[in-house]
Amino acid sequence: LITFNTVMHIYGACGRLSDAKSTFELMLAEGLVPDVVSYNTLVGVYSSAGLYKEAESAMTLMKEAGHRPNLVTYTSLVNAYGKAGQPEKAEVMFGMIQRHSLKPNTVSYNALINAYSSSGNFDDAMRVYGVMKSKRVCPNSVTICTLLTASGKGGYMERTYEILSEAASHNIKLNTALCNAALTALIGGGAYDSADKLFVTMQRDGILADAVTYVLLIKKAGMVDDHMQAQKLFDELCAGAAGLTVEACSAMIDVYAKKGMPSEAQVVYEKMKMLGCRPNVVTFTSLLYAYGAKGLLKEAVSVFEDMVTEGIVPDIVAYTALMSTFNRNGHPEKAVELATSLQHKEVSYNEVFCMELLAACSKLMDWRTALDTFQIMQDAGLVATHRMVHHLLLVIGKSGRVEEMLKLFFKVKEMGLEPT
RNA sequence: CGCACGUCACAUUAGAGGU
């Protein structure tokens, strides 16, 4: 039984949801009776993916089998809603914990705080933290880490130190993950000097920098235009004990991409392969961008092809980067063609992708495709933004279709998007 | 014999668009 539970968990951890589910079914077929942990694992697998509907039906399955959901089950569901970007529902689910006469513990509170953090709602994250303290539930280092992330995402970088002092007052020792979270908040808020200072403090206090720390520092170096420093850090990581990661390599390549140094990016790419670090879709996208931004269309396209040859499935970001390369290098028709060929594939459009497609339409004065794009967006349930609509109006207008343009203008207004 | 010990929930890092 424990073996099956563990296997399910492993599948879930690497995103292979259907394998996790079939393991559960296999378990039944083998005549084993799933226990509370089995069901919780199943709920947890779906929750981490933000699939709250599936998580809820797993809980229903659990009840039908005669098990009562426990604190772990409910906390998973709080997490499910958090991951789905629905903190209000997470809060409701949190309330269910008490309604079933269970007592939320530190992990439950952390999950709820993180639900608010993920959606950028720092105030509510802090509010829940306050409730947690008033109920005498002890915060731990995960709590502090989550709050730091919340402050960064919500744009309250200046509260970093205040939160760190919360850690001190609860006798929570700083660790690497905590410092990384603080560094992220500081760097995200542009407080580069403070970030440097914190890094010095880390070293002084013997808190080891890990691969995540290096990613942050490499990124920061890129942001202050110091690619030499970024490379130095990268070399340090390659040589050091922390271990090289794809994230670090991708970050390094991205620094060069943004600096317009594709050959240096290529060198990093070669080096990572030599060191046995496998490039992923992010790595390839950054490399592609490096070439595309420099006007090297052929090279960019060949990076894309290499990626596919390597058996890596391009995602929506990779496709968008390729489209943008076409657009920037005088081939908007290829961008449109690419988008058209995607209609049969398993990629879901997002707003960025649609904007890039619109940019192509605009260059081609292709108002029909532009309107189609808008329709596809609606069908996909994406909300129309002002930027999107402005772009669209311009394309149609510039194509000389005043009637269609006006029609759209009023249609959008009716949809509830007030003209600015 | 006792004790300890295995499976479930929470946090930090990389890529694309700008009227």
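What follows is a short chat about a predicted model of a protein chain with an RNA strand.

Student: What makes the model one to trust, going by the pLDDT of chain A?
Tutor: pLDDT is the predictor's confidence in each residue, from 0 to 100. Chain A has a mean of 91, and 100% of its residues reach 70 or more. For the complex, the predictor gives an ipTM of 0.70 and a pTM of 0.88. Local features here need pLDDT of at least 70, and side-chain atom pairs count only at pLDDT 80 or more. Side-chain values use heavy atoms, without hydrogens or water.

Student: Which residues are the closest to RNA strand B?
Tutor: Near means that a heavy atom of the residue lies within 4 Å of the strand. 55 residues surround RNA strand B, and Asn40, Asn110, Val215, Arg387 and Leu394 are the closest. Of the strand's atoms within 4 Å of the protein, 44% belong to sugar or phosphate and the rest to bases.

Student: Why is the Asn40 pair called a polar contact?
Tutor: The term needs a pair of N or O atoms within 3.5 Å. A polar side-chain atom of Asn40 sits 2.6 Å from a base oxygen of RNA strand B, so the pair qualifies. Asn5 has a polar side-chain atom 2.7 Å from a base oxygen, while a side-chain N or O atom of Lys219 is 3.2 Å from a phosphate oxygen.

Student: How do you know that the span of helix H24 agrees with its 13 residues?
Tutor: Helices are DSSP runs (H or I, at least four residues), numbered from the N terminus. The expected span is 1.5 Å times one less than the number of residues. For H24, residues 402-414, that gives 18 Å, and the end C-alpha atoms are 18 Å apart, so the two agree.

How values were computed:
Residues are numbered from 1 along each chain as its sequence is written. Chains are lettered from A and ligands numbered from 1 in the order in which they are written. A polar contact is a pair of N or O atoms within 3.5 Å; within protein, one must be able to donate a hydrogen and the other to accept it, and residues adjacent in sequence count only if both atoms are side-chain atoms. Helices (H or I, at least four residues) and strands (E, at least two) are DSSP runs, numbered from the N terminus.
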